[in-house]
Amino acid sequence: MNDFRVGIVGATGMVGQRFITLLAEHPWFHITALAASGRSAGKPYKEAVSGRWAMKTPIPESVRGMMVQDASDIEAMKEKVDFIFCAVNMPKDEIRALEEAYAKAEIPVISNNSAHRHTKDVPMIVPEINADHADIIPAQRKRLGTKRGFIAVKSNCSLQSYVPPLHPLKDIYGLKAVLACTYQAISGAGKTFETMPQILDNVIPYIGGEEEKSEIEPLKLWGHIKGDEIVEATSPSITAQCLRVPVSDGHMAAVFASFEKKPDLEEIKKIWAQFKGPAQELELPSAPKQFLHYFEENDRPQPALDRNLENGMAVSVGRLREDSQYDIKFVCLSHNTLRGAAGGAVLMAELLAVKGYLD
């Protein structure tokens, strides 16, 4: 695999910081540019994030002195990078315009943002679930008038906990209806306990826009390409409630599911244990060796114990049992800034690199 020069746009935010820690020693991707808002532009990175570095590990030496670029100076970025990861904090219409401008400048965009998730020819990829959606990229390039440039997006972070365990069951048993209650860490809001003191000894039963994303986005993941667009699946029906809880990292979900064919619990555990996707088959650098891990203990998974499983890229599942109203219920967990955000985007970029879309 060739080496790629990588830029991080939105490098000073929490997800941008996570991208930096993941890419500092990546075998294929090497950080050659960091970009942020005009407030940070022109400063060395260590100065731009002074007092705001939220990672548990120190700022990597390779980027400490790197000068931060203005995210809007696309021509300057074009000289430095082969593609970018985008994790900016801006209004959605501004994000859409910025990402499209990068793509039209022939810079592929791997986005952590939600702005383009419902653009019909923009793939939203979880490599173990819908790697084939990369095949829409030529149609998007035709619309944009580009040869290299395109946009690919990562799904909402909460989906990464409950969609993966449902995915291998969906076609086997005929998934009809899902109820998911998510318990989401404060890092999902870009916060730490120091910057969100109101969460201590508290639960906040509302996260703006999160329930709509949790109910709608899985249908795009489970959709199919028809002509020049991705057509969303029409089932299952999904309802969600999303709560912010006093946890630093790790989104949990309590999931209830009904099927056309009643599933066997022990058979489900075997399906989960054996489930592999293209990320595992291609042995992508960031892929967990085993995607879904089932815990037999009644009190697992737990964020403090299990969020970093397989470098934070695996999904943990537990408490599978029959339900009195749905067919089954279980709990699940994923690391929201690793599998759910930056790590999921890096894994998607690895997939697109292997498929040749970043050449």
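Here are four short exercises, with worked solutions, on a predicted model.

**Exercise 1. Find the order of the six strands in the open sheet, and name its edge strands.**

Solution.
- Start with the order: the strands run E10-E7-E11-E14-E13-E12, and their pairing is mixed.
- Next, look for strands that pair on one side only: these are E10 (237-244) and E12 (292-295), the edge strands.
- Then follow the twist, which averages 20° from one strand to the next.
- Now zoom in on one pair. Strand E7 (residues 175-184) and strand E11 (residues 251-259) are antiparallel and share eight bridges. Within this pairing, Tyr183 has Met252 of E11 as its bridge partner.
- As background, strands of a sheet pair through backbone hydrogen bonds, in either a parallel or an antiparallel way.

**Exercise 2. Work out where helix H9 packs and which of its residues are buried.**

Solution.
- First, locate the helix: H9 (residues 210-221) packs on the sheet and touches E7 and E10. Its direction makes about 145° with that of E10.
- Second, check its length. H9 has 12 residues and reaches 16 Å from its first C-alpha to its last, close to the 16 Å expected.
- Third, list the buried residues: Glu210, Ser214, Glu217, Pro218, Leu219, Lys220 and Leu221.
- Finally, ask what covers them. The cover includes helix H6 (127-130), H8, E7, strand E9 (229-231) and E10.

**Exercise 3. Explain why Cys242 has no bond to the closest cysteine sulfur.**

Solution.
- Recall that a disulfide is a covalent bond between the sulfur atoms of two cysteines.
- Find the closest candidate: the sulfur of Cys181 is 8.4 Å from that of Cys242, so the two are too far apart for a bond.
- Compare this with the cut-off, which asks for sulfur atoms within 2.5 Å.
- Try Cys332 too: its nearest cysteine sulfur, again in Cys181, is 11 Å away, and Cys332 is in no disulfide.
- Searching the whole structure gives zero disulfides.
- Add the surroundings: Cys242 is buried, at 0% relative accessible area, and Cys332 is buried with a value of 0% as well.

**Exercise 4. Describe the largest nonpolar core and the contacts of Phe330.**

Solution.
- Begin with the general idea: in soluble globular proteins, nonpolar side chains tend to be buried together.
- This core has 55 residues, and those touching the most other members are Val9, Ile84, Tyr102, Tyr162, Leu166 and Phe330.
- Its largest share, six residues, comes from helix H8 (residues 159-174).
- Beyond its neighbours within four places in sequence, Phe330 has contacts including Pro165, Leu166, Ala253, Val255 and Trp272.
- Apart from this core lies another, of 49 residues, among them Leu34, Ala134, Leu347 and Ala353.

How values were computed:
Residues numbered from 1 in each chain as written. Predicted model: local features only at pLDDT ≥ 70, side-chain atom pairs only at ≥ 80, totals over all residues. Heavy atoms only, no water. Pairing = 2+ DSSP bridges. Helix = DSSP H or I, 4+ residues; strand = E, 2+ residues; numbered from the N terminus. Axes fitted to C-alpha atoms, helices over the stretch in contact; angles between N-to-C directions. Contact = heavy atoms within 4.5 Å. Buried < 20%, exposed > 50% of the residue type's maximum accessible area, 1.4 Å probe, protein only. Core = buried A, V, L, I, M, F, W, Y, C linked by side-chain atoms within 4.5 Å. Expected span 1.5 Å × (residues − 1).
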